[in-house]
Amino acid sequence: MQFFFEVLIGGLLAGVMYSLVALGFVLIYKASGVFNFAQGAMVFFAALTFVSLVEDGFSFWVAFLITFAAMVVIAIATERVVLRPLVNQPPITLFMATIGLTFVLEGLSQLFWGSQPHGLELGITDMPFEWLAENTGMFISQFDLFAALVAGLLVAGLALFFQKTRIGRALRAVADDHQAALAVGIPLQQIWVIVWTVAGFVALVSGLLWGARNGVQFALTFTALKALPVLILGGFESVAGAIVGGLIIGASEKLAEIYIPQFLNAPLSEAWGVSVNLAGLEIWFPYALALAFLLIRPEGLFGEKHIDRV
Amino acid sequence: MLYRDAGQFKDTYSADQQIFPIRQDRIGVTLVLLFAFLVVPVIGDQYWLSAILIPFLVFALAALGLNILTGYAGQLSLGTAAFMAVGAFAAYNFVLRVPAMPILVSFALSGVMAALVGIVFGLPSLRIKGFYLAVATLAAQFFVVWALTKFGWFSNFSSSGVISAQKVVILDYVFDTPVRKYLLVLAIVTVMALAAKNMVRSSVGRAWMAVRDMDVAAGVIGIRLMHTKLLAFAVSSFYCGVAGALYTYCYIGTVEPEAFNIELSFRVLFMIIIGGVGSILGSFLGAAFITLLPIFLNTYAEPLAQVLGLQLPPGIVSNLELIIFGGLIIFFLIVEPLGLARMWQIAKEKMRLWPFPH
Amino acid sequence: METFEVDFSDLTFSAAAEVDAFYDEIDRQLAASGRRWYFLVIYTGCVITPVAWERFAERGKSANINHGLGTVRVGATAQTRDAIRQDAGRSFFRANIHDTRDQAILALGELRKKQRDSLPAAEDTFLRVDDVSLRFGGVKAITGVSFEIKRGEISSIIGPNGAGKSSMLNVINGVYHPQEGTITFLGNKRHDMDTHEAAAQGIARTFQNIALFKGMTVLDNLMTGRNLKMNCNFLQQALYWGPAKREELEHRRKIEEVIDFLEIEHIRKTPVGRLPYGLQKRVELGRALAAEPTLLLLDEPMAGMNVEEKQDMCRFILDVNDQFGTTILLIEHDMGVVMDISSYVVVLDYGMKIGEGTPDDVRSDPVVIRAYLGATH
């Protein structure tokens, strides 16, 4: 039973990490209606830049600031080169443009910093929390808890930002209709730079946490793909949805990884007469879950229902 | 002034609806086909045939398949490689377990298997659209690769799921040289391209485009959405499946499920974005572009750097490739969203008027 | 009971003038009612002299009586029967003569039933909506609307914006499913329509915001209108040789008639997305016509057009109704157009029907004027 809780909590905390990446997506989608496939590449770029700077001798905070500045530059460049020429194009075009952006960022990252994997130290170790281990016998990582805390703070801050500020309102207008927002005098370009910068900040934080956990390597770009099932469950436009979705995906992924092979390997092997090993199904399980969810509720838990007017 | 349709009047609807209405086009295409079938086998060297032309044709076929689904029917798919994998492994198993079956029939049946898998993963398209559908196809992508690796039966219990293609023998004629493989692939691709062109200019193609452009209106005029979407998935996956089989049997030879990964799916997607979505010609142009670009870079990056006096660190070419690909996608989406095919069309229109400016 | 009883019992007719007096009164009553009746004529004890008989026969063939649905007679004496038979020489006279009133009423029932079963199309309901209500969550788009459209006529729905006119069309052709009410089309009553069935039964429509397929040419768009009539499967079409090609060309020929009718030959091969608004509207009409519809629903076909374009569109609509006999139901804001071309108008406001009738009726209805047309003070 204890093991179950351990797996569950481990999954929830992993889910928090997914939520972080999903958050970056939600920000950009909420504010500009663009599904930014390049978020994963941004995470990779941020992590790689930071790590390389630290290895070159810069201190933590200096490296952090320089990397953040780099993300701002990327935001400005993206707005100028990619978004501005494509204003008011159908969403699918913008989506494909972000795929192109992904490749550019990946290539640039490795061009500047090389392609070896790096380790990242944040000072918090991936060791079990002693107090919990002693009192409940459960092994839960300090690092995971720390990540959850950071994510929570970030989410709270962002939620406030969107709901309470004037800029937040402007962002929501832009997400709805670019041309209408322009017509009302909302400075589209500035808004986009702001949004992508904030998303860049989220990517930086995600990059640090993920990088510390799994090492900074090319596979980090695929975290973007991991966030997709989260977004589907939570809805593309909801910050709360990103959190809840992340938790659900993280938990179910871990649970499926451990328990499905445990329960199904033997019966299936017997039934089919060959040795069956269902290990590794966490690669596709989140997607299948998201898919099943989509069929029941296409707009996600917190998403807005889409009504077509004919 | 050479490329004019002056004087070419069509007096039957049949003539008006032919694939190449302008005589110069017909002559041009005939010449290209004659060149491809008769001249290339004679002058082509091994490298050109095996490393450039055959993969170009195989990927053109996969691009055709994806274009039918995403370009014509408007259903975004990121699972192209998965359907190719199904085709490859199905062909392998047919040839292995039913040796009496002619290999062309095996290829066709492997396409049918891929089509069935395509229909299953296309079912969600009845409820979901756009990016969400892309996720369903991603599920297909990851699941298929996992299943082919996990269940040893598919690869005849070889380690890590590797399969080696058997020899291609048709009517006692062995296709083992690059020239023979090239001609086989060329023949299959030509026939399937013609079939695709016929489909997209008939009512099934119009139904696909209607669903893409405005599915509510399509439903109102009586088009059956479910039937149309699933047919698009089926036909598209058939094409990708056959492409996968050809990829294994006439190009790579030894293949494992991991080779049909998401990067391959993206590659084919780029082919149709750059070549032109919703265009048969575009599939070919895009495939040519994406096949030739890395070779171009590989060959010319070093000499160019030397000329410019730059020192190229190792691994730069693959990164450059990434940057250039990405940049080109963005460029095309801004400048010409309909890709190379549209640019070709515009060029032809300008040629019609030449030497006049308009 | 739609029976008009004519009681000749125990009367004696010996002169033409007496017959005239009686029939004048009958004619007057029939004309005042404006309806069509079954006639129950009672001859019990009635005496008609040969002189009066000629006049009788003449007046019996008068317009009002012939407009009737059928006649049943009671108790004609042998002499009257002979006279009737002789004069008419038609057998159904004999069949419709009964001895008692009750028998006659029974026979009337039979007659009515027989006629209803074999009624010509004019008696079938072409299109009727009964008590239809449509809600979107908390928003009531349509509340309890009923009306009927006759075959072969041009009818209009008018009303302020947001009155539920487009929603009504959407209900008729199956895009929306009403929560309450029924739709009867070609005699079939149902709770809601299925879009595919609607299209298959011959309902075609145009939309307020043009719903053309922007990525295709005009020709292709029109061809999609004929989709339901094309039967070759995709394999035959992949081959394109033989049946698929023949089918394609046959339908192309049909499309060209529509292109000819709408005068859009010059833009056949142009992608629809590049056409100006007015031409797009015409192409959309063409796509609807290509399906050879029985009922054509037009949603603001003249929105955004200048005077000339409106005149053209009017001409097309009238021609469609004239040449092809298509029944048309249109939504339109231009009152001049509506009054000119419609024979029947339904007025909606806030999802409810506030008036209906001929254009003149509606134009002078105070409720409609207050809600929509406006009054000069």
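## How chain A is packed and where chain B touches it

Student: What makes 44% of the 310 residues in chain A count as buried?
Tutor: Buried residues make up 44% of chain A, a residue being buried if 20 or more other C-beta atoms, placed from the backbone, lie within 10 Å of its own. This is a predicted model, where local features need pLDDT of at least 70, side-chain atom pairs count only at pLDDT 80 or more, and totals for chains, interfaces and linings use all residues. Residues are numbered from 1 along each chain as its sequence is written, with chains lettered from A and ligands numbered from 1 in the order in which they are written.

Student: Why does the radius of gyration of chain A agree with a compact globule?
Tutor: Taken over C-alpha atoms, the rule is 2.2 Å times the number of residues to the power 0.38. For 310 residues that gives a value near 19 Å, and chain A has 21 Å, so the two agree.

Student: How many helices and strands does chain A have?
Tutor: There are 12 helices and 0 strands, with helices (H or I) being DSSP runs of at least four residues and strands (E) of at least two.

Student: Which element gives the largest share of the side of chain B that touches chain A?
Tutor: That is α13(B), with 12 residues. The contact takes 33 residues from chain B and 40 residues from chain A, and two residues are in contact if their C-beta atoms, placed from the backbone, lie within 7 Å.

Terms used: A residue is buried if 20 or more other C-beta atoms lie within 10 Å of its own, exposed if 12 or fewer, and partly exposed in between; C-beta atoms are placed from the backbone.
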